[in-house]
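This briefing works through one protein chain, going from its overall make-up to individual packing details. Please keep the sequence and the coordinates at hand while reading.

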Amino acid sequence: MGVPLRSSPVRKPNETMRLIITTFAGVIFGFLLGVSFPTLSLTKMNLPSSLFPSVDLTYIEDKYSGLSTQALLNALNSLKANKLISAPSYKYSERKIWIPTNPRGAERLPPGIVTSESDFYLRRLWGQPSEDLTIKPKYLVSFTVGYSQKKNIDVAMKKFSENFTVVLFHYDGVTSEWDEFEWSKRAIHVSVPKQTKWWYAKRFLHPDIVAPYDYIFMWDEDLGVEHFDAEEYIKLVKKHGLDISQPGLDANSGGLTWQMTRKRDNTEVHKNTEEKPGWCTDPQLPPCAAFVEIMATVFSRDAWRCVWHMIQNDLVHGWGLDFSLRKCVEPPHEKIGVVDAQWIVHQGIPSLGNQVHVNH
């Protein structure tokens, strides 16, 4: 009885040929795929950050853009290995800026974006900012007011053109009622009870806020303006080179104390006067020259910058300030004067003083 022999199965010729053809087709397919996609853009692939932590894929793509996909993957693995070995700390850094000529506190900003001054121009809530202003006012007038003087202020406002930004400081807390006047809807209203115009000026008329305005009018509420025109006044101020000035006071004005501020006839401007004997130690010093009162003062932009810094935070009524204004211009006896051709009447109504007895 024969014993069967163990032997490995013999492949059929057809199966062997099928295997060879399949292998060859796979090689051909891989080659064609490699030719069609010679490089791989890693930056366009949505790869999770956990897969390639802290690796700059853009750098890899740029440096190895001429290599095949496999070469790129090899380069990536090499970078990962180096990172794991050396583990250098990477911190983002940019060029630091320090411009000492910038305003204090803005030294770290590029000079081109620093805006150190502002204005009181009203802005719309929509549209192009360049189209917000149909007229850009060149001057500013401020009144410290109570609602009881609304008629007088309304008359005064007719003497100031659209070239003026109007600021009302309300010492009685009444603001919205002023909207019965059309001009009031364009005005800036600031309301703090029982404060004087110098308190307001120190806090709300900073030189960098009023910098766009050539002249700043700091006026009381009790002034008669029948013989006054603001535009004509400014023409005379410019003509005679006055940096600090006031309209002449009519002889019928209440509380007329100084000869210097009294209106003169047949002249446009005067800059000096003669006072009572012994009042002037020097004809070029106050109250004979370089002197105006504080009820209706007008400042040039540069003069106001100096005066603002001179005003103390606890200044209330401003007494004595008129004798010190000369420190802000040079020469003061030429730069300070009274405009006679445009005059006013000081009515002397103590409306702000009455607020002391009012309880809010």
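Of the 360 residues of the chain, 37% count as buried, and it should be kept in mind throughout that the model is predicted. The chain has ten helices and nine strands. Among the contacts between residues at least 6 apart in sequence, 71% join residues that are at least 24 apart.

**Helix H4 and its surroundings**

- Helix H4, which covers residues 150-157, has six of its eight residues buried, so it is largely enclosed by the rest of the structure.
- The buried residues of H4 are Lys150, Asn152, Ile153, Asp154, Ala156 and Met157, and the elements that these buried residues pack against are strand E1 (139-145), E2 and strand E5 (223-224).

**Strands E2 and E3**

- Strand E2 (residues 164-170), one of the elements against which the buried residues of H4 pack, pairs with E3 in the parallel sense, over four bridges.
- Within this pairing, Val167 has Ile188 in E3 as its bridge partner.
- In a regular strand the side chains alternate between the two faces of the sheet.
- Strand E3 (residues 188-191) shows such an alternation, in that Ile188 and Val190 point to one face and are buried, whereas His189 and Ser191 point to the other face and are not buried.

**The contact of helices H5 and H7**

- The axes of helix H5 (residues 197-204) and helix H7 (residues 301-310) come within 10 Å and cross at roughly 110 degrees.
- Because angles of 65 to 115 degrees count as roughly perpendicular, this crossing makes H5 roughly perpendicular to H7.
- The crossing of H5 and H7 is left-handed.
- On the side of H5 the contact involves Trp198, Ala201 and Lys202, which meet Trp304, Trp308 and His309 in H7.
- Sorted by character, the residues of the contact of H5 with H7 comprise four nonpolar, one polar and one charged.

**Lys238 in helix H6**

- Lys238 lies in helix H6, which spans residues 230-239, and with a relative accessible area of 45% Lys238 is partly exposed.
- Once its neighbours within four places in sequence are left aside, Lys238 is in contact with Tyr139 and Tyr215.
- The C-alpha atom of Lys238 is separated by 9.7 Å from that of Ser300, although the two residues are 62 residues apart along the chain.

How values were computed: Residues numbered from 1 in each chain as written. Predicted model: local features only at pLDDT ≥ 70, side-chain atom pairs only at ≥ 80, totals over all residues. Heavy atoms only, no water. Axes fitted to C-alpha atoms, helices over the stretch in contact; angles between N-to-C directions. Helix = DSSP H or I, 4+ residues; strand = E, 2+ residues; numbered from the N terminus. Parallel < 35°, antiparallel > 145°, perpendicular 65-115°, else oblique. Left-handed = near helix turned anticlockwise from the far one by under 90°. Contact = heavy atoms within 4.5 Å. Nonpolar A, V, L, I, M, F, W, Y, C, P; charged D, E, K, R; others polar. Buried < 20%, exposed > 50% of the residue type's maximum accessible area, 1.4 Å probe, protein only. Pairing = 2+ DSSP bridges.
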